[in-house]
Amino acid sequence: MNLLKNGLIIFLMLVTSMTSAQTKSDTNSSTENVLISKFDQGVHVVAEASNSTIKLKDSLSINFKLYVSHDIGISNYEEQNDLTTEDFEVENIKLSNFNVENEILNKEKYRLVVFKTSVLKPKQKGTFVLEGLNLNVTANIPSTENDEFGRFIMEKVNRTIKTNNVVINVI
């Protein structure tokens, strides 16, 4: 009888620990999904052309803007590609002094920085679609847990995001 009782206790301990591990794994997955969702809603990168229609002899600039919601911090970003095209002469200017501005995007308040500008001079007439820029961003996102002072614990999230394509009409 003692052997049966001990075996039952060990069985219950195993089942409890397995259930606890499963719940913890589900919680970690759920927390990760919440953090990724917060990132996707709070971090955006946009390519904005100074003009969508230009003459063959003119040039235009494209500003690359990083929008970040007020509760998210960016600790690092890295460009995965440069703006290149055979149809334009391109001068990529990486900016080192950032001027942080407040702006509304899609009815939400964001901080934004222009992190890069590209100056383009067309080589021929036509309509051109310039592929977006890929940016690997490391963000600090508030988790659902608090520290001993009641502040949200910040979690690092790495994601690669892409700007919109830019359409240029050269006349």
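Reader: How much space lies in the largest cavity of this structure?

Author: The largest cavity holds about 40 Å³ of space. Please keep in mind that the model is predicted. As a general idea, empty space becomes visible when a probe the size of a water molecule is rolled over the atoms. Here, a search of the whole structure yields one cavity of 30 Å³ or more.

Reader: Which residues line the largest cavity, and how do they divide by character?

Author: The lining consists of A47, I62, F64, L83, L130, E131, G132, L133, T163, N164 and V166. Seven of the lining residues are nonpolar, three are polar and one is charged.

Reader: What volume does the largest pocket have, and how many residues line it?

Author: A pocket differs from a cavity in being open, whereas the probe cannot get out of a cavity. The volume of the largest pocket is about 220 Å³. Its lining comprises 14 residues, and those nearest the centre are L66, V68, I74, V100 and V113. By character, 10 residues of this lining are nonpolar, three are polar and one is charged.

Reader: Which strands supply at least two residues each to the lining of the largest pocket, and which strand gives the most?

Author: At least two lining residues come from each of β3 (60–68), β4 (73–79) and β7 (108–122). Strand β4 contributes the most, with five residues.

Reader: Is K116 in β7 buried or exposed, and why?

Author: A residue counts as buried when its relative accessible area is under 20%. K116 lies in strand β7. Because its relative accessible area is 0%, K116 is buried.

Reader: With which side chain does the side chain of K116 make a polar contact, and which residues does K116 touch?

Author: The side chain of K116 makes a polar contact with the side chain of D82, at 2.4 Å. Leaving aside residues up to four places away in sequence, K116 touches several others, including I62, F64, L83 and L133. Those four residues also appear in the lining of the largest cavity. Among the further residues that K116 touches are N63, E79, N81 and N92.

Reader: How do β6 and β7 pair, and how many residues lie between them in the hairpin?

Author: Strands β6 (101–105) and β7 pair in the antiparallel sense over five bridges. One bridge joins E103 to Y110 in β7. The two strands form a hairpin with two residues between them.

Reader: How should the phi values of N106 and K107 be read?

Author: Most residues other than glycine have a negative phi. N106, in the loop between β6 and β7, has instead a positive phi near 55°. K107 lies in that loop as well, and its phi, near 65°, is also positive.

Reader: Are N106 and K107 buried or exposed, and why?

Author: The cut-off for exposed is a relative accessible area over 50%. N106 counts as exposed because its relative accessibility is 63%. K107 is exposed too, because its relative accessible area is 79%.

Reader: What is the strand order in the open sheet of three strands, and which strands stand at the edges?

Author: The order is β2-β11-β8, with mixed pairing. At the edges stand β2 (53–54) and β8 (126–130); each has a single partner strand, so one side of each is left without a neighbour in the sheet. Strand β8 pairs with β11 (residues 166–170) in the antiparallel sense over five bridges. Within this sheet, V129 stands opposite V167 in β11.

How values were computed:
Residues are numbered from 1 along each chain as its sequence is written. This is a predicted model: local features need pLDDT of at least 70, side-chain atom pairs count only at pLDDT 80 or more; totals for chains, interfaces and linings use all residues. Side-chain values use heavy atoms; hydrogens and water are left out. On a 1 Å grid over the protein atoms alone, a cavity is a set of points where a 1.4 Å probe fits but cannot get out, and a pocket is an open set with protein on both sides within 12 Å along at least five of seven lines; lining residues have an atom within 4 Å of a point. Grid points are joined across faces, edges and corners, and a volume is the space filled by probe spheres set on the points. Helices (H or I, at least four residues) and strands (E, at least two) are DSSP runs, numbered from the N terminus. Ala, Val, Leu, Ile, Met, Phe, Trp, Tyr, Cys and Pro count as nonpolar, Asp, Glu, Lys and Arg as charged, and the others, Gly among them, as polar. Buried means under 20% relative accessible area, exposed over 50%, partly exposed in between (1.4 Å probe, protein chains only). A polar contact is a pair of N or O atoms within 3.5 Å; within protein, one must be able to donate a hydrogen and the other to accept it, and residues adjacent in sequence count only if both atoms are side-chain atoms. Contact means heavy atoms within 4.5 Å. Two strands pair if DSSP finds at least two bridges between them.
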